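User: Hey, got a minute to walk me through a model I just opened?

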Amino acid sequence: MSRVLVGAPLVGDALERVRAVAELVTTDDPIGWSRAELLARVVDVDALIAMPSQRVDAELLDRAPGLRVVANHAVGVDNVDLQACAARSVVVTNTPGVLTEATADLAFGLLLDACRRISEGDRVVRAGGWRGWGPTVFLGARVTGATLGIIGFGRIGRAVARRARGFEMRVIYASPRPPTPSAPDDAEGAERVTLDELLARADVVSVHAPLRPETRGLLSRERIAAMRRGAVLVNTARGALVDEDALAEALVDGRLAAAGLDVYLDEPRVSPALLAAPNLVLAPHLGSADAPTRAAMASLACGAVVAVLGGGQPPNRVV
Ligand code: DGY
(Lines give C-alpha, C1' and ligand atoms only; values in the text may rest on other atoms or scores of the structure.)
Protein backbone atom coordinates (compact mmCIF):
# COMPACT_ATOMS: atom_id res chain seq x y z
CA MET A 1 0.00 0.00 0.00
CA SER A 2 1.20 3.54 -0.77
CA ARG A 3 2.31 5.77 2.11
CA VAL A 4 1.42 9.45 2.34
CA LEU A 5 3.22 11.88 4.62
CA VAL A 6 0.78 14.58 5.73
CA GLY A 7 2.69 17.77 6.64
CA ALA A 8 0.21 19.02 9.25
CA PRO A 9 -3.35 18.34 10.45
CA LEU A 10 -5.85 19.32 7.73
CA VAL A 11 -9.28 20.97 7.98
CA GLY A 12 -12.32 18.88 7.02
CA ASP A 13 -12.51 15.24 6.03
CA ALA A 14 -10.68 15.27 2.68
CA LEU A 15 -7.92 13.11 4.12
CA GLU A 16 -10.39 10.21 4.33
CA ARG A 17 -10.21 9.93 0.53
CA VAL A 18 -6.47 9.44 0.82
CA ARG A 19 -6.84 7.00 3.71
CA ALA A 20 -9.01 4.84 1.46
CA VAL A 21 -6.08 4.25 -0.90
CA ALA A 22 -2.97 4.72 1.22
CA GLU A 23 -1.45 4.51 4.66
CA LEU A 24 -1.18 7.95 6.30
CA VAL A 25 1.72 9.31 8.32
CA THR A 26 0.25 12.17 10.33
CA THR A 27 1.11 14.52 13.17
CA ASP A 28 -1.11 16.18 15.79
CA ASP A 29 1.07 19.28 15.94
CA PRO A 30 -0.99 22.08 14.34
CA ILE A 31 2.11 23.63 12.76
CA GLY A 32 3.20 20.31 11.34
CA TRP A 33 6.40 18.32 11.14
CA SER A 34 9.67 20.13 11.79
CA ARG A 35 12.40 19.99 9.14
CA ALA A 36 14.22 17.21 10.99
CA GLU A 37 11.03 15.17 11.39
CA LEU A 38 10.14 15.62 7.72
CA LEU A 39 13.59 14.49 6.61
CA ALA A 40 13.32 11.43 8.84
CA ARG A 41 9.82 10.44 7.74
CA VAL A 42 9.96 11.13 4.02
CA VAL A 43 12.30 8.20 3.29
CA ASP A 44 9.66 5.62 2.41
CA VAL A 45 6.65 7.64 1.28
CA ASP A 46 4.99 7.87 -2.13
CA ALA A 47 3.35 11.26 -1.56
CA LEU A 48 3.84 14.34 0.58
CA ILE A 49 1.19 16.91 1.45
CA ALA A 50 3.51 19.85 2.16
CA MET A 51 2.77 23.06 4.02
CA PRO A 52 4.10 26.42 2.74
CA SER A 53 6.35 26.49 5.81
CA GLN A 54 8.01 23.20 4.80
CA ARG A 55 10.88 23.40 2.35
CA VAL A 56 10.88 20.74 -0.34
CA ASP A 57 14.39 20.87 -1.75
CA ALA A 58 17.00 18.58 -3.23
CA GLU A 59 18.11 17.39 0.22
CA LEU A 60 14.60 16.25 1.07
CA LEU A 61 13.97 14.76 -2.38
CA ASP A 62 17.21 12.79 -2.23
CA ARG A 63 15.94 11.11 0.93
CA ALA A 64 12.67 10.13 -0.72
CA PRO A 65 13.46 7.92 -3.71
CA GLY A 66 9.86 6.65 -3.89
CA LEU A 67 8.22 10.08 -3.84
CA ARG A 68 5.80 10.58 -6.74
CA VAL A 69 3.89 13.71 -5.78
CA VAL A 70 4.28 16.81 -3.62
CA ALA A 71 0.82 18.30 -3.07
CA ASN A 72 1.58 21.77 -1.75
CA HIS A 73 -1.12 22.99 0.62
CA ALA A 74 -0.81 26.56 -0.73
CA VAL A 75 -1.14 28.41 -3.99
CA GLY A 76 2.42 29.76 -3.69
CA VAL A 77 5.05 27.14 -4.49
CA ASP A 78 8.12 29.16 -3.50
CA ASN A 79 8.86 26.57 -0.76
CA VAL A 80 9.26 23.87 -3.41
CA ASP A 81 12.32 23.48 -5.62
CA LEU A 82 10.37 22.92 -8.84
CA GLN A 83 13.44 22.17 -10.92
CA ALA A 84 14.65 19.54 -8.47
CA CYS A 85 11.18 17.93 -8.51
CA ALA A 86 11.02 17.98 -12.31
CA ALA A 87 14.48 16.45 -12.54
CA ARG A 88 13.28 13.52 -10.38
CA SER A 89 9.88 13.25 -12.15
CA VAL A 90 8.06 14.22 -8.95
CA VAL A 91 4.69 15.83 -9.70
CA VAL A 92 4.00 19.12 -7.87
CA THR A 93 0.51 20.52 -7.33
CA ASN A 94 -0.85 23.60 -5.57
CA THR A 95 -4.23 24.96 -4.44
CA PRO A 96 -5.17 27.80 -6.81
CA GLY A 97 -8.49 29.65 -6.80
CA VAL A 98 -9.93 28.47 -3.52
CA LEU A 99 -8.11 30.98 -1.31
CA THR A 100 -8.65 34.06 -3.45
CA GLU A 101 -11.51 35.59 -1.48
CA ALA A 102 -10.13 34.75 1.97
CA THR A 103 -6.77 36.32 1.15
CA ALA A 104 -8.41 39.39 -0.37
CA ASP A 105 -10.57 39.73 2.77
CA LEU A 106 -7.47 39.65 4.93
CA ALA A 107 -5.62 42.15 2.72
CA PHE A 108 -8.54 44.53 3.01
CA GLY A 109 -8.70 43.97 6.76
CA LEU A 110 -5.02 44.88 7.09
CA LEU A 111 -5.57 47.89 4.83
CA LEU A 112 -8.38 49.20 7.05
CA ASP A 113 -6.53 48.38 10.25
CA ALA A 114 -3.26 50.00 9.16
CA CYS A 115 -4.94 53.11 7.73
CA ARG A 116 -7.25 53.64 10.70
CA ARG A 117 -4.81 52.46 13.40
CA ILE A 118 -7.24 49.96 14.92
CA SER A 119 -4.68 47.51 16.34
CA GLU A 120 -2.47 50.36 17.52
CA GLY A 121 -5.47 51.82 19.35
CA ASP A 122 -6.37 48.41 20.78
CA ARG A 123 -2.89 48.14 22.29
CA VAL A 124 -3.19 51.58 23.89
CA VAL A 125 -6.67 50.86 25.30
CA ARG A 126 -5.60 47.51 26.76
CA ALA A 127 -2.50 49.05 28.32
CA GLY A 128 -4.68 51.63 30.08
CA GLY A 129 -3.09 54.42 28.06
CA TRP A 130 -6.24 55.89 26.46
CA ARG A 131 -6.62 59.42 27.83
CA GLY A 132 -9.81 60.28 25.94
CA TRP A 133 -11.21 61.73 22.72
CA GLY A 134 -9.45 64.61 21.01
CA PRO A 135 -9.57 66.01 17.47
CA THR A 136 -5.88 65.26 16.90
CA VAL A 137 -5.82 61.91 18.67
CA PHE A 138 -5.27 58.76 16.59
CA LEU A 139 -5.59 60.49 13.26
CA GLY A 140 -5.30 57.92 10.51
CA ALA A 141 -5.23 57.78 6.73
CA ARG A 142 -8.50 58.14 4.81
CA VAL A 143 -9.60 54.99 3.01
CA THR A 144 -12.72 56.06 1.12
CA GLY A 145 -11.73 57.68 -2.16
CA ALA A 146 -8.01 56.98 -1.74
CA THR A 147 -5.85 55.60 -4.56
CA LEU A 148 -5.04 51.91 -4.14
CA GLY A 149 -2.04 50.53 -6.02
CA ILE A 150 -2.12 46.78 -6.52
CA ILE A 151 1.16 45.07 -7.40
CA GLY A 152 0.38 41.79 -9.19
CA PHE A 153 -3.05 41.58 -10.77
CA GLY A 154 -3.85 37.89 -10.66
CA ARG A 155 -6.88 36.37 -8.94
CA ILE A 156 -6.17 37.82 -5.50
CA GLY A 157 -5.16 41.28 -6.76
CA ARG A 158 -8.42 41.49 -8.73
CA ALA A 159 -10.45 40.35 -5.71
CA VAL A 160 -8.88 43.17 -3.68
CA ALA A 161 -9.79 45.61 -6.48
CA ARG A 162 -13.42 44.46 -6.27
CA ARG A 163 -13.49 45.18 -2.55
CA ALA A 164 -11.93 48.61 -3.14
CA ARG A 165 -14.86 49.58 -5.36
CA GLY A 166 -17.10 49.47 -2.29
CA PHE A 167 -14.87 52.11 -0.73
CA GLU A 168 -14.94 54.29 -3.85
CA MET A 169 -11.18 53.89 -4.20
CA ARG A 170 -9.36 54.65 -7.44
CA VAL A 171 -7.53 51.43 -8.30
CA ILE A 172 -4.30 51.35 -10.27
CA TYR A 173 -2.23 48.22 -10.80
CA ALA A 174 1.14 47.09 -12.07
CA SER A 175 1.61 43.67 -13.58
CA PRO A 176 4.24 42.16 -15.86
CA ARG A 177 1.51 40.16 -17.64
CA PRO A 178 0.07 41.82 -20.75
CA PRO A 179 -3.71 42.30 -20.78
CA THR A 180 -5.76 39.52 -22.42
CA PRO A 181 -9.48 39.35 -23.36
CA SER A 182 -10.22 37.40 -20.17
CA ALA A 183 -7.99 39.72 -18.12
CA PRO A 184 -8.42 43.09 -19.83
CA ASP A 185 -6.47 46.25 -19.11
CA ASP A 186 -9.34 47.90 -17.25
CA ALA A 187 -10.47 44.82 -15.27
CA GLU A 188 -12.39 45.65 -12.09
CA GLY A 189 -12.36 49.31 -13.14
CA ALA A 190 -8.61 49.43 -12.55
CA GLU A 191 -6.04 51.37 -14.56
CA ARG A 192 -2.81 49.66 -15.60
CA VAL A 193 0.32 51.70 -14.88
CA THR A 194 4.04 51.08 -14.54
CA LEU A 195 5.38 50.07 -11.15
CA ASP A 196 7.17 53.43 -10.85
CA GLU A 197 3.94 55.31 -11.54
CA LEU A 198 2.03 53.14 -9.09
CA LEU A 199 4.51 53.88 -6.31
CA ALA A 200 4.38 57.60 -7.06
CA ARG A 201 0.57 57.76 -7.09
CA ALA A 202 -0.82 55.22 -4.62
CA ASP A 203 -1.97 56.19 -1.14
CA VAL A 204 -2.09 52.50 -0.29
CA VAL A 205 0.04 49.82 -1.96
CA SER A 206 -1.05 46.19 -1.68
CA VAL A 207 1.29 43.42 -2.81
CA HIS A 208 -0.10 40.35 -4.60
CA ALA A 209 2.80 39.13 -6.72
CA PRO A 210 4.08 35.56 -6.53
CA LEU A 211 7.56 35.04 -5.08
CA ARG A 212 9.90 34.04 -7.88
CA PRO A 213 13.61 34.72 -8.43
CA GLU A 214 12.71 37.82 -10.47
CA THR A 215 10.28 39.21 -7.84
CA ARG A 216 12.45 38.64 -4.75
CA GLY A 217 13.10 42.07 -3.20
CA LEU A 218 10.61 43.70 -5.59
CA LEU A 219 9.83 46.37 -3.03
CA SER A 220 13.47 47.27 -2.55
CA ARG A 221 14.81 50.12 -0.44
CA GLU A 222 14.74 52.37 -3.53
CA ARG A 223 11.13 51.47 -4.34
CA ILE A 224 10.00 51.96 -0.76
CA ALA A 225 11.69 55.39 -0.89
CA ALA A 226 9.76 56.10 -4.09
CA MET A 227 6.37 55.61 -2.38
CA ARG A 228 4.34 58.70 -1.54
CA ARG A 229 5.07 60.31 1.79
CA GLY A 230 2.38 59.12 4.20
CA ALA A 231 1.49 56.07 2.11
CA VAL A 232 0.47 52.71 3.58
CA LEU A 233 1.84 49.31 2.54
CA VAL A 234 0.01 45.97 2.80
CA ASN A 235 1.67 42.62 2.07
CA THR A 236 -0.27 39.36 2.11
CA ALA A 237 1.84 37.69 -0.61
CA ARG A 238 5.34 36.68 0.55
CA GLY A 239 7.73 38.39 2.93
CA ALA A 240 10.73 38.12 0.62
CA LEU A 241 9.06 40.50 -1.83
CA VAL A 242 9.74 43.41 0.53
CA ASP A 243 12.96 44.79 2.02
CA GLU A 244 11.92 44.51 5.68
CA ASP A 245 14.71 46.68 7.07
CA ALA A 246 13.91 49.50 4.66
CA LEU A 247 10.21 49.19 5.47
CA ALA A 248 10.87 49.33 9.22
CA GLU A 249 13.03 52.44 8.77
CA ALA A 250 10.40 54.16 6.64
CA LEU A 251 7.74 53.43 9.28
CA VAL A 252 9.85 54.57 12.23
CA ASP A 253 10.90 57.83 10.58
CA GLY A 254 7.33 58.52 9.44
CA ARG A 255 7.90 58.49 5.66
CA LEU A 256 5.26 55.77 5.49
CA ALA A 257 2.18 56.27 7.67
CA ALA A 258 1.59 52.59 8.39
CA ALA A 259 1.80 49.05 7.10
CA GLY A 260 0.00 45.75 7.49
CA LEU A 261 1.91 42.50 7.03
CA ASP A 262 0.74 38.90 6.98
CA VAL A 263 3.99 37.42 5.67
CA TYR A 264 7.65 37.69 6.63
CA LEU A 265 11.08 36.88 5.30
CA ASP A 266 11.89 34.23 7.89
CA GLU A 267 8.58 32.97 9.31
CA PRO A 268 7.71 32.56 12.11
CA ARG A 269 10.54 34.91 13.14
CA VAL A 270 9.65 38.59 12.80
CA SER A 271 12.61 40.93 12.70
CA PRO A 272 13.24 43.12 15.77
CA ALA A 273 13.16 46.16 13.46
CA LEU A 274 9.60 45.38 12.38
CA LEU A 275 8.52 44.57 15.95
CA ALA A 276 9.77 48.00 17.00
CA ALA A 277 7.58 49.89 14.51
CA PRO A 278 4.36 51.01 16.27
CA ASN A 279 2.40 51.84 13.13
CA LEU A 280 2.60 48.30 11.81
CA VAL A 281 -0.09 45.61 12.00
CA LEU A 282 1.48 42.16 12.25
CA ALA A 283 -0.68 39.16 11.33
CA PRO A 284 0.61 35.57 11.63
CA HIS A 285 0.29 34.40 7.97
CA LEU A 286 -3.45 33.86 8.18
CA GLY A 287 -4.50 35.00 4.69
CA SER A 288 -6.20 31.74 3.82
CA ALA A 289 -7.28 30.94 7.38
CA ASP A 290 -11.04 30.69 7.23
CA ALA A 291 -12.52 27.24 7.69
CA PRO A 292 -14.17 26.75 4.26
CA THR A 293 -11.02 27.95 2.51
CA ARG A 294 -8.71 25.66 4.44
CA ALA A 295 -11.12 22.74 3.84
CA ALA A 296 -11.09 23.51 0.11
CA MET A 297 -7.28 23.68 0.10
CA ALA A 298 -7.14 20.29 1.86
CA SER A 299 -9.58 18.88 -0.66
CA LEU A 300 -7.44 20.02 -3.62
CA ALA A 301 -4.25 18.67 -2.06
CA CYS A 302 -5.83 15.32 -1.18
CA GLY A 303 -7.48 15.06 -4.59
CA ALA A 304 -4.11 15.56 -6.24
CA VAL A 305 -2.51 12.80 -4.15
CA VAL A 306 -5.34 10.37 -4.92
CA ALA A 307 -5.11 11.21 -8.64
CA VAL A 308 -1.35 10.68 -8.88
CA LEU A 309 -1.33 7.51 -6.78
CA GLY A 310 -4.11 6.19 -9.01
CA GLY A 311 -2.07 6.90 -12.12
CA GLY A 312 -4.10 9.97 -13.15
CA GLN A 313 -3.39 13.65 -13.81
CA PRO A 314 -4.25 16.21 -11.11
CA PRO A 315 -5.87 19.35 -12.58
CA ASN A 316 -3.80 21.65 -10.39
CA ARG A 317 -0.42 20.38 -11.52
CA VAL A 318 2.45 22.90 -11.46
CA VAL A 319 5.26 20.56 -12.53
C1 DGY B 1 -0.65 30.38 -0.08
O2 DGY B 1 -1.50 29.57 -0.45
O3 DGY B 1 0.33 30.62 -0.77
C4 DGY B 1 -0.87 31.03 1.22
O5 DGY B 1 0.14 31.89 1.56
C6 DGY B 1 -1.10 30.01 2.32
O7 DGY B 1 -1.88 30.65 3.26
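Analyst: Sure, we can go from the overall shape to the cores, one helix, one asparagine and the ligand.

Analyst: One thing up front: this is a predicted model.

User: Fine. How many helices and strands does the protein have?

Analyst: There are 12 helices and 12 strands. The radius of gyration is 21 Å, close to the 20 Å that the globule rule gives for 319 residues, so the protein is as compact as a globular protein of that length. Along the principal axes, the C-alpha atoms fill a box of roughly 70 × 50 × 35 Å.

User: And what share of the 319 residues is buried?

Analyst: Buried residues make up 50% of them. As for the accessible surface, it comes to about 15,100 Å², and 53% of that belongs to carbon and sulfur atoms.

User: What about long-range contacts, residues 24 or more positions apart?

Analyst: Those account for 59% of the contacts with a separation of 6 or more.

User: OK, cores. Which residues have the most contacts inside the largest nonpolar one?

Analyst: L233 and L247, in a core of 34 residues. The elements giving two or more residues to this core are β7 (170-174), α8 (195-201), β9 (204-207), β10 (231-235), α10 (244-252) and β11 (256-261). The largest share, five residues, comes from α10. Apart from this core lies another one of 28 residues, including L106, A114, C115 and A164.

User: Back to L247. What is it in contact with, leaving aside neighbours within four places in sequence?

Analyst: I224, L233, V242, L256, A259, L261 and L274. So L233, the other residue with the most contacts inside the core, is one of the partners of L247. That sits well with a general trend: nonpolar side chains in soluble globular proteins tend to be buried together.

User: Let's stay with α10. Which of its residues are buried?

Analyst: E244, A246, L247, A248, A250 and L251. What covers the buried residues of α10 includes α9 (221-225), β10, β11, α11 (272-275) and β12 (280-282).

User: Anything at the ends of α10?

Analyst: At its start, a side-chain oxygen of D243 reaches to within 3.1 Å of the backbone nitrogen of D245. After the helix comes G254, with a positive phi near 85 degrees.

User: New topic: N316. Buried or exposed?

Analyst: N316 counts as buried, because its relative accessibility is 8% and the cut-off for buried is under 20%. The residue lies in the segment after α12 (291-309).

User: So what does the side chain of N316 pair with?

Analyst: A polar atom of that side chain lies 2.5 Å from the backbone oxygen of N94. N94 also figures among the contacts of N316 beyond its sequence neighbours within four places, and the others are V92, T93, P96, L300 and A304.

User: Last thing, the ligand. Which residues surround it?

Analyst: A74, V75, G76, L99, R238, H285 and S288.

User: Where are the polar contacts to the oxygen atoms of the ligand?

Analyst: R238 has a side-chain N or O atom 2.6 Å from an oxygen atom of the ligand. For S288, a polar side-chain atom lies 2.8 Å from a ligand oxygen. G76 uses its backbone: an N or O atom there is 3.0 Å from an oxygen atom of the ligand.

User: And how much of the ligand does the protein cover?

Analyst: The protein covers 91% of the 230 Å² of accessible area that the ligand has on its own.

User: Great, thanks!

Methods
Residues numbered from 1 in each chain as written. Predicted model: local features only at pLDDT ≥ 70, side-chain atom pairs only at ≥ 80, totals over all residues. Heavy atoms only, no water. Core = buried A, V, L, I, M, F, W, Y, C linked by side-chain atoms within 4.5 Å. Buried < 20%, exposed > 50% of the residue type's maximum accessible area, 1.4 Å probe, protein only. Helix = DSSP H or I, 4+ residues; strand = E, 2+ residues; numbered from the N terminus. Contact = heavy atoms within 4.5 Å. Polar contact = N/O pair within 3.5 Å; in protein donor to acceptor, adjacent residues only side chain to side chain. Rg over C-alpha atoms; globule rule 2.2 N^0.38 Å. Areas by Shrake-Rupley, 256 points an atom, 1.4 Å probe, with all protein chains shown as cover. Near = heavy atom within 4 Å.
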